Amino acid sequence: AHVFQIDPNTKKNWVPTSKHAVTVSYFYDSTRNVYRIISLDGSKAIINSTITPNMTFTKTSQKFGQWADSRANTVYGLGFSSEHHLSKFAEKFQEFKEAARLAKEKSQEKMELTSTPSQESAGGDLQSPLTPESINGTDDERTPDVTQNSEPRPEPTQNALPFSHSSAISKHWEAELATLKGNNAKLTAALLESTANVKQWKQQLAAYQEEAERLHKRVTELECVSSQANAVHSHKTELNQTIQELEETLKVKEEEIERLKQEIDNARELQEQRDSLTQKLQEVEIRNKDLEGQLSDLEQRLEKSQNEQEAFRNNLKTLLEILDGKIFELTELRDNLAKLLERS
């Protein structure tokens, strides 16, 4: 596949990292018990992405797909030669993503088995769902997705349309492009506002996580120190209710983030439509230039033909004048001969 990375400055355009199609492989790192996506261009590693359970591989077209890597702080894009290769890569991505999730769960189980009994009891009752991986995963999915068409642009057709018809088509596409530019500006403003809201919600999620951890430690201290079982149980119940409220708030925020993701996907589709119309407008402009050249050539030919016809008419007039003179001379000669005949 052809490898791309998102432009770190604009976060909108793709920057190619390989000059030609390269091999993209899945790799299991046994020392760290993680799965990676590796791609080399010669001796240079252009992709070294660790697969996490929260990653998502998105198909943005029939031959192009992308995923966000928060650890590398970038978005990778792959342009395949066929839709079959893209589907096969997506299936393997989902397979190794599930394997990464299972590996993570196993490592968490090992950590729980090595913990102290008091920590196990407290963790069993008040296990907070807010983990750093989940926050990073949410941030991964919020990364703006921008695609570009990796297909070569088709050459303009040789069957040129009439000049007036192509001008009407050009005006139509210009109007369509202006409308899409206006919509794109509105969507860009909405995306900026959504990004600011997402950052604020991320800070709130971090604060909720810190509050849950603090409450978790507080429950552990109460269970170890307090000798009054009833009081500890009542405090524990209140803290559990607080954690449940925080979890409900987190679910609401996650639903809001999902809605923002859908808006970003819609904006990406409009961006693709705008790029397609821009390409078509460029093709129409090229056709118009060809038609203008053909029209200029026809005008020159017409002018030359008119000049030749004018010269031909002048020659005919000259011949007619000469013919009229000859006819007049023949008429006089006939009259003279008739007179001579009468006299004789």
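A residue counts as buried here when its relative accessible area is under 20%. Keep that cut-off in mind for the views below, which come from a predicted model.

**View 1. Strand S8, wrapped up by its surroundings.** Start with strand S8, which covers residues 74-79. How many of the residues of S8 are buried? The count is 6 of the 6, so the strand is largely enclosed by the rest of the structure. Look at one face and you'll find Thr74, Tyr76 and Leu78, while Val75, Gly77 and Gly79 sit on the other. Both faces are covered, and the residues on each are all buried.

**View 2. The sheet around S8.** Zoom out a little and S8 turns up in an open sheet of 5 strands. Reading across, the order is S2-S1-S8-S7-S6, and the pairing is antiparallel. The edges belong to strand S2 (14-16) and strand S6 (58-59), each of which pairs on one side only.

**View 3. S8 and its partner S1.** Strand S1 (residues 2-6) runs antiparallel to S8, and 4 bridges pair the two. To find your way along them, pick out His2, which stands opposite Gly79 of S8. Then look for Val3, whose bridge partner in S8 is Leu78.

**View 4. S8 and its partner S7.** Here 6 bridges hook S7 up to S8, again in the antiparallel sense. Gly65 has Leu78 of S8 as its bridge partner. Leu78 is also the S8 partner of Val3. S7 and S8 make a hairpin, with 4 residues between them. One residue to spot in the turn is Asn73, which has a positive phi of about 55°.

**View 5. Trp67 and its crowd of contacts.** Trp67 belongs to strand S7, which spans residues 64-69. Is Trp67 buried or exposed? Its relative accessibility is 1%, and anything under 20% is buried, so Trp67 counts as buried. Setting aside neighbours within four places in sequence, Trp67 touches a string of residues, including Ile37, Ile47, Met55, Val75, Leu78 and Phe93. Another residue on that contact list is Ser49, and a polar contact of 3.2 Å links its side chain to that of Trp67. Thr56 is a contact too. Along the chain, Thr56 and Trp67 are 11 residues apart, yet their C-alpha atoms are 5.9 Å apart in space.

**View 6. A gathering of aromatic rings.** Across the whole structure, a search turns up 13 aromatic pairs. Take Phe80 and Phe89 as an example: their ring centres are 5.6 Å apart and their planes meet at 45°, so this pair is tilted. Both partners are tucked away, as Phe80 is buried with a relative accessible area of 11% and Phe89 is buried at 7%. The two also belong to one aromatic cluster, whose members include Trp67, Tyr76 and Phe93 as well as Tyr26, Tyr28 and Tyr35. Phe57 and Phe96 are in that cluster too.

**View 7. The three-strand sheet.** Another open sheet is built from 3 strands, in the order S3-S4-S5, with antiparallel pairing. Which strands stand at the edges? They are strand S3 (24-29) and strand S5 (44-50); each has a single partner strand, so one side of each is left without a neighbour in the sheet. From one strand to the next, the twist averages 30°. S3 pairs with strand S4 (residues 34-41) over 6 bridges. Along that pairing, look for Tyr28, whose bridge partner in S4 is Tyr35. You've met both tyrosines already, since Tyr28 and Tyr35 are among the members of the aromatic cluster.

Key:
Residues are numbered from 1 along each chain as its sequence is written. This is a predicted model: local features need pLDDT of at least 70, side-chain atom pairs count only at pLDDT 80 or more; totals for chains, interfaces and linings use all residues. Side-chain values use heavy atoms; hydrogens and water are left out. Rings of Phe, Tyr and Trp (its six-membered ring) pair if their centres lie within 6.5 Å; planes under 30 degrees apart count as stacked, over 60 as edge-to-face and the rest as tilted. Buried means under 20% relative accessible area, exposed over 50%, partly exposed in between (1.4 Å probe, protein chains only). Two strands pair if DSSP finds at least two bridges between them. Axes are lines fitted to C-alpha atoms, for helices over the stretch in contact, and angles run from 0 to 180 degrees between N-to-C directions. Contact means heavy atoms within 4.5 Å. A polar contact is a pair of N or O atoms within 3.5 Å; within protein, one must be able to donate a hydrogen and the other to accept it, and residues adjacent in sequence count only if both atoms are side-chain atoms.
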